[in-house]
Amino acid sequence: MTLAYQSAHEELHYLDRAGWLRAAVLGANDGIVSVASLIVGVAAADPGRAAILIAGAAGLAAGAMSMAAGEYVSVSSQSDVERADIARERQALVDTPEAEERELASIYESRGLSAQTAALVARELTQKDALAAHVRDELGLSEVHSANPLQAAFASGLTFTLAAAVPMAAAALAPDAWIIPAVVIATLVSLAGLGALGAHAGGAPKMRATARVLFWGAAAMAITAGVGRVFGVSV
(Lines give C-alpha, C1' and ligand atoms only; values in the text may rest on other atoms or scores of the structure.)
Protein backbone atom coordinates (compact mmCIF):
# COMPACT_ATOMS: atom_id res chain seq x y z
CA MET A 1 0.00 0.00 0.00
CA THR A 2 2.77 2.39 0.95
CA LEU A 3 4.84 1.57 -2.12
CA ALA A 4 1.86 2.06 -4.42
CA TYR A 5 1.15 5.41 -2.86
CA GLN A 6 4.74 6.58 -3.23
CA SER A 7 4.95 5.54 -6.87
CA ALA A 8 1.77 7.44 -7.68
CA HIS A 9 2.74 10.50 -5.67
CA GLU A 10 3.82 13.53 -7.66
CA GLU A 11 5.19 16.66 -6.05
CA LEU A 12 4.03 20.04 -7.30
CA HIS A 13 6.84 22.24 -8.62
CA TYR A 14 6.82 25.61 -10.34
CA LEU A 15 10.18 25.69 -12.13
CA ASP A 16 8.47 25.14 -15.49
CA ARG A 17 6.90 28.57 -15.05
CA ALA A 18 10.16 30.36 -14.31
CA GLY A 19 10.84 31.69 -17.82
CA TRP A 20 7.54 33.30 -18.69
CA LEU A 21 6.77 34.19 -15.07
CA ARG A 22 9.98 36.16 -14.72
CA ALA A 23 9.30 38.07 -17.94
CA ALA A 24 5.65 38.68 -17.05
CA VAL A 25 6.36 39.91 -13.52
CA LEU A 26 9.24 42.08 -14.74
CA GLY A 27 7.06 43.59 -17.48
CA ALA A 28 4.10 44.27 -15.20
CA ASN A 29 6.23 45.71 -12.41
CA ASP A 30 8.15 47.93 -14.81
CA GLY A 31 4.93 49.03 -16.50
CA ILE A 32 3.31 50.16 -13.28
CA VAL A 33 6.39 51.71 -11.69
CA SER A 34 7.90 53.45 -14.70
CA VAL A 35 4.69 54.96 -16.08
CA ALA A 36 3.38 55.89 -12.63
CA SER A 37 6.71 57.50 -11.76
CA LEU A 38 6.73 59.35 -15.08
CA ILE A 39 3.22 60.67 -14.49
CA VAL A 40 3.97 61.67 -10.90
CA GLY A 41 7.22 63.37 -11.91
CA VAL A 42 5.57 65.34 -14.71
CA ALA A 43 2.58 66.22 -12.52
CA ALA A 44 4.90 67.45 -9.77
CA ALA A 45 6.39 69.90 -12.28
CA ASP A 46 2.85 71.30 -12.52
CA PRO A 47 2.06 71.17 -16.26
CA GLY A 48 -1.46 70.76 -17.67
CA ARG A 49 -3.46 67.54 -17.75
CA ALA A 50 -2.82 67.10 -21.47
CA ALA A 51 0.95 67.12 -21.00
CA ILE A 52 0.68 64.61 -18.16
CA LEU A 53 -1.41 62.19 -20.20
CA ILE A 54 0.78 62.58 -23.29
CA ALA A 55 3.87 61.83 -21.20
CA GLY A 56 2.17 58.78 -19.71
CA ALA A 57 1.00 57.48 -23.10
CA ALA A 58 4.43 57.98 -24.62
CA GLY A 59 6.02 56.19 -21.68
CA LEU A 60 3.57 53.30 -22.05
CA ALA A 61 4.21 52.84 -25.77
CA ALA A 62 7.98 53.24 -25.54
CA GLY A 63 8.24 51.08 -22.45
CA ALA A 64 6.18 48.21 -23.86
CA MET A 65 8.24 48.09 -27.05
CA SER A 66 11.48 48.42 -25.11
CA MET A 67 10.56 45.61 -22.73
CA ALA A 68 9.48 43.28 -25.53
CA ALA A 69 12.52 44.04 -27.66
CA GLY A 70 14.88 43.79 -24.69
CA GLU A 71 13.48 40.43 -23.60
CA TYR A 72 13.63 39.09 -27.15
CA VAL A 73 17.25 40.15 -27.67
CA SER A 74 18.34 38.98 -24.21
CA VAL A 75 16.66 35.58 -24.36
CA SER A 76 17.73 35.10 -27.99
CA SER A 77 21.33 35.63 -26.93
CA GLN A 78 20.86 33.05 -24.19
CA SER A 79 19.34 30.65 -26.72
CA ASP A 80 22.29 31.19 -29.08
CA VAL A 81 24.72 30.30 -26.29
CA GLU A 82 22.72 27.17 -25.44
CA ARG A 83 22.67 25.99 -29.06
CA ALA A 84 26.40 26.63 -29.45
CA ASP A 85 27.17 24.62 -26.31
CA ILE A 86 24.97 21.76 -27.51
CA ALA A 87 26.69 21.78 -30.90
CA ARG A 88 30.12 21.60 -29.22
CA GLU A 89 28.93 18.75 -27.03
CA ARG A 90 27.57 16.87 -30.04
CA GLN A 91 30.92 17.19 -31.82
CA ALA A 92 32.83 16.10 -28.72
CA LEU A 93 30.74 12.93 -28.56
CA VAL A 94 31.78 12.16 -32.13
CA ASP A 95 35.46 12.98 -31.62
CA THR A 96 36.11 11.58 -28.12
CA PRO A 97 33.20 9.38 -26.99
CA GLU A 98 35.19 7.51 -24.34
CA ALA A 99 36.42 10.70 -22.72
CA GLU A 100 32.90 12.11 -22.72
CA GLU A 101 31.56 9.00 -21.01
CA ARG A 102 34.26 9.26 -18.35
CA GLU A 103 33.38 12.91 -17.88
CA LEU A 104 29.74 11.98 -17.39
CA ALA A 105 30.71 9.31 -14.85
CA SER A 106 32.82 11.83 -12.93
CA ILE A 107 29.80 14.15 -12.70
CA TYR A 108 27.69 11.41 -11.14
CA GLU A 109 30.52 10.43 -8.83
CA SER A 110 30.85 14.02 -7.63
CA ARG A 111 27.14 13.94 -6.77
CA GLY A 112 27.61 11.04 -4.39
CA LEU A 113 27.54 7.82 -6.42
CA SER A 114 30.29 5.26 -6.05
CA ALA A 115 32.78 5.04 -8.90
CA GLN A 116 31.32 1.73 -10.07
CA THR A 117 27.72 2.95 -9.98
CA ALA A 118 28.63 6.24 -11.65
CA ALA A 119 30.39 4.40 -14.47
CA LEU A 120 27.41 2.08 -14.91
CA VAL A 121 24.92 4.96 -15.01
CA ALA A 122 27.08 6.89 -17.48
CA ARG A 123 27.40 3.85 -19.74
CA GLU A 124 23.68 3.09 -19.78
CA LEU A 125 22.65 6.72 -20.33
CA THR A 126 25.25 7.03 -23.09
CA GLN A 127 23.85 3.99 -24.82
CA LYS A 128 20.33 5.36 -24.59
CA ASP A 129 20.96 9.00 -25.57
CA ALA A 130 24.45 10.35 -24.98
CA LEU A 131 23.73 13.90 -26.10
CA ALA A 132 20.63 14.23 -23.92
CA ALA A 133 22.57 13.00 -20.90
CA HIS A 134 25.38 15.50 -21.43
CA VAL A 135 23.03 18.39 -22.17
CA ARG A 136 21.08 17.68 -19.00
CA ASP A 137 23.82 16.73 -16.56
CA GLU A 138 26.93 18.50 -17.88
CA LEU A 139 25.40 21.68 -19.32
CA GLY A 140 22.45 21.82 -16.92
CA LEU A 141 19.91 22.42 -19.69
CA SER A 142 16.46 20.94 -20.14
CA GLU A 143 13.30 21.58 -22.13
CA VAL A 144 11.74 23.19 -19.06
CA HIS A 145 14.48 25.79 -18.77
CA SER A 146 15.24 26.30 -22.45
CA ALA A 147 15.12 29.89 -23.64
CA ASN A 148 12.03 30.98 -25.58
CA PRO A 149 12.56 34.50 -26.96
CA LEU A 150 9.07 35.03 -28.42
CA GLN A 151 7.34 33.81 -25.28
CA ALA A 152 9.43 36.09 -23.08
CA ALA A 153 8.97 39.10 -25.39
CA PHE A 154 5.21 38.65 -25.63
CA ALA A 155 4.76 38.11 -21.89
CA SER A 156 6.88 41.12 -20.99
CA GLY A 157 5.38 43.52 -23.55
CA LEU A 158 1.79 42.52 -22.85
CA THR A 159 2.05 42.70 -19.08
CA PHE A 160 3.87 46.03 -19.31
CA THR A 161 1.00 47.47 -21.36
CA LEU A 162 -1.74 46.12 -19.11
CA ALA A 163 0.00 47.22 -15.93
CA ALA A 164 0.91 50.68 -17.27
CA ALA A 165 -2.75 51.24 -18.11
CA VAL A 166 -3.52 51.37 -14.36
CA PRO A 167 -1.71 54.65 -13.54
CA MET A 168 -2.81 56.03 -16.91
CA ALA A 169 -6.47 55.38 -16.06
CA ALA A 170 -6.01 56.87 -12.59
CA ALA A 171 -4.48 60.03 -14.04
CA ALA A 172 -7.18 60.34 -16.70
CA LEU A 173 -10.08 59.91 -14.27
CA ALA A 174 -8.83 61.91 -11.30
CA PRO A 175 -9.56 65.63 -10.85
CA ASP A 176 -6.62 67.88 -11.65
CA ALA A 177 -5.77 68.49 -7.99
CA TRP A 178 -5.85 64.76 -7.21
CA ILE A 179 -3.81 63.31 -10.05
CA ILE A 180 -0.73 62.56 -7.97
CA PRO A 181 -2.56 61.02 -4.98
CA ALA A 182 -4.80 58.98 -7.29
CA VAL A 183 -1.85 57.64 -9.27
CA VAL A 184 0.14 56.84 -6.13
CA ILE A 185 -2.75 54.98 -4.47
CA ALA A 186 -3.68 53.05 -7.62
CA THR A 187 -0.05 52.15 -8.19
CA LEU A 188 0.60 50.91 -4.66
CA VAL A 189 -2.60 48.84 -4.63
CA SER A 190 -1.68 47.34 -8.01
CA LEU A 191 1.88 46.62 -6.93
CA ALA A 192 0.63 44.84 -3.82
CA GLY A 193 -1.65 42.70 -5.96
CA LEU A 194 1.13 42.04 -8.46
CA GLY A 195 3.57 40.98 -5.76
CA ALA A 196 1.05 38.61 -4.21
CA LEU A 197 -0.02 37.21 -7.60
CA GLY A 198 3.54 36.61 -8.75
CA ALA A 199 4.39 34.89 -5.48
CA HIS A 200 1.27 32.72 -5.72
CA ALA A 201 2.04 31.71 -9.31
CA GLY A 202 5.56 30.74 -8.29
CA GLY A 203 4.60 29.08 -5.01
CA ALA A 204 6.67 31.60 -3.00
CA PRO A 205 5.84 33.50 0.24
CA LYS A 206 3.46 36.38 -0.54
CA MET A 207 4.34 38.89 2.19
CA ARG A 208 7.99 39.19 1.24
CA ALA A 209 7.23 39.62 -2.48
CA THR A 210 4.51 42.18 -1.77
CA ALA A 211 6.68 44.24 0.57
CA ARG A 212 9.54 44.19 -1.94
CA VAL A 213 7.54 45.60 -4.85
CA LEU A 214 5.78 48.15 -2.65
CA PHE A 215 9.05 49.51 -1.29
CA TRP A 216 10.75 49.93 -4.66
CA GLY A 217 7.63 51.27 -6.34
CA ALA A 218 7.13 53.90 -3.66
CA ALA A 219 10.81 54.82 -3.79
CA ALA A 220 10.72 55.28 -7.57
CA MET A 221 7.66 57.55 -7.43
CA ALA A 222 9.09 59.58 -4.55
CA ILE A 223 12.38 60.18 -6.37
CA THR A 224 10.78 61.22 -9.66
CA ALA A 225 8.27 63.44 -7.85
CA GLY A 226 11.17 65.12 -6.09
CA VAL A 227 13.01 65.66 -9.38
CA GLY A 228 9.89 67.12 -10.98
CA ARG A 229 9.25 69.38 -8.02
CA VAL A 230 12.84 70.63 -7.69
CA PHE A 231 13.65 71.16 -11.35
CA GLY A 232 10.19 71.83 -12.68
CA VAL A 233 10.78 69.57 -15.68
CA SER A 234 9.40 66.22 -16.88
CA VAL A 235 11.57 63.19 -16.21
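This report walks through the helices, core, salt bridges and selected residues of one protein chain.

## Overall build

The model is predicted. Its chain has eight helices and zero strands. Read along the sequence, the pattern is therefore simply α-α-α-α-α-α-α-α, since helices and strands are taken as DSSP runs numbered from the N terminus. The chain holds 235 residues, and 35% of them count as buried.

An unreviewed UniProt entry adds an annotation. It places the feature "transmembrane region" at residues 20–44, 50–73, 152–172, 178–201 and 213–232. What is the make-up of the span 50–73? That span is 100% helix and 0% strand, and its end C-alpha atoms lie 34 Å apart. The span 152–172 is also 100% helix and 0% strand. Its end C-alpha atoms lie 30 Å apart.

## The nonpolar core

The largest nonpolar core has 23 residues. Six of them touch the most other members: Val35, Ile39, Ile52, Phe160, Ile179 and Val183. Which elements give two or more residues to this core? They are α2 (18–44), α3, α6, α7 (179–202) and α8. Helix α2 gives the largest share, eight residues.

## Salt bridges

How many salt bridges does a search of the whole structure find? The count is six. Three of them are described here.

| Pair | Closest N to O |
|---|---|
| Asp80 and Arg83 | 2.5 Å |
| Arg111 and Asp137 | 3.4 Å |
| Asp137 and Arg136 | 3.4 Å |

Start with Asp80 and Arg83, whose side chains meet in a salt bridge. Both residues sit in helix α3. They are three residues apart, so about one helical turn separates them. Asp80 has a relative accessible area of 42%, so Asp80 counts as partly exposed.

Next comes the bridge between Arg111 and Asp137. This pair links distant parts of the chain, with the two positions 26 residues apart in numbering. Arg111 lies in the loop between α4 (97–110) and α5 (115–137). Asp137 lies in helix α5.

Are these two partners buried or exposed? Arg111 is exposed, because its relative accessible area of 54% is over the 50% cut-off. Asp137 is buried, because its 13% is under the 20% cut-off.

Asp137 has another partner, Arg136, and the two form a salt bridge. Arg136 is partly exposed, because its 39% relative accessibility falls between the two cut-offs. Salt bridges with shared partners join Arg111, Arg136 and Asp137 into one network.

## Along helix α3

Helix α3 covers residues 49–95. Ser77 is found in this helix. Ser77 has a relative accessible area of 37%, so Ser77 is partly exposed. Where does the chain come back towards this residue? One example is Pro149, which is 72 residues from Ser77 along the chain. The C-alpha atoms of Ser77 and Pro149 are separated by 8.8 Å.

Tyr72 lies in helix α3 as well. Its relative accessible area is 40%, which means that Tyr72 is partly exposed. Which residues join Tyr72 in a nonpolar surface patch? They are Val73 and Leu150. The patch made by Tyr72, Val73 and Leu150 has an area of about 320 Å².

## Helices α6 and α8

Helix α6 runs over residues 149–173, and Ala169 lies in it. Ala169 is partly exposed, because its relative accessible area is 35%. What separates the C-alpha atoms of Ala169 and Gly56 in space? The separation is 10.0 Å, and the two residues are 113 residues apart along the chain.

Helix α8 covers residues 206–231 and includes Thr224. Is Thr224 buried or exposed? Thr224 counts as buried, because its 18% relative accessibility is under the 20% cut-off. The side chain of Thr224 also reaches a backbone atom: the oxygen of Met221, at 3.1 Å.

Conventions:
Residues are numbered from 1 along each chain as its sequence is written. This is a predicted model: local features need pLDDT of at least 70, side-chain atom pairs count only at pLDDT 80 or more; totals for chains, interfaces and linings use all residues. Side-chain values use heavy atoms; hydrogens and water are left out. Helices (H or I, at least four residues) and strands (E, at least two) are DSSP runs, numbered from the N terminus. Buried means under 20% relative accessible area, exposed over 50%, partly exposed in between (1.4 Å probe, protein chains only). Patches are made of residues with over 30% relative accessible area and no salt bridge: like charges are joined within 9 Å, nonpolar side chains (Val, Leu, Ile, Met, Phe, Trp, Tyr) within 5 Å. Accessible areas come from the Shrake-Rupley method with a 1.4 Å probe; for residues, only the protein chains shown count as cover. A salt bridge is a side-chain nitrogen of Lys or Arg within 4 Å of a carboxyl oxygen of Asp or Glu. A polar contact is a pair of N or O atoms within 3.5 Å; within protein, one must be able to donate a hydrogen and the other to accept it, and residues adjacent in sequence count only if both atoms are side-chain atoms. UniProt positions are given in the numbering used here, feature names are shortened, and annotations may be inferred rather than shown by experiment. A nonpolar core is a set of buried Ala, Val, Leu, Ile, Met, Phe, Trp, Tyr and Cys residues joined through side-chain atoms within 4.5 Å.
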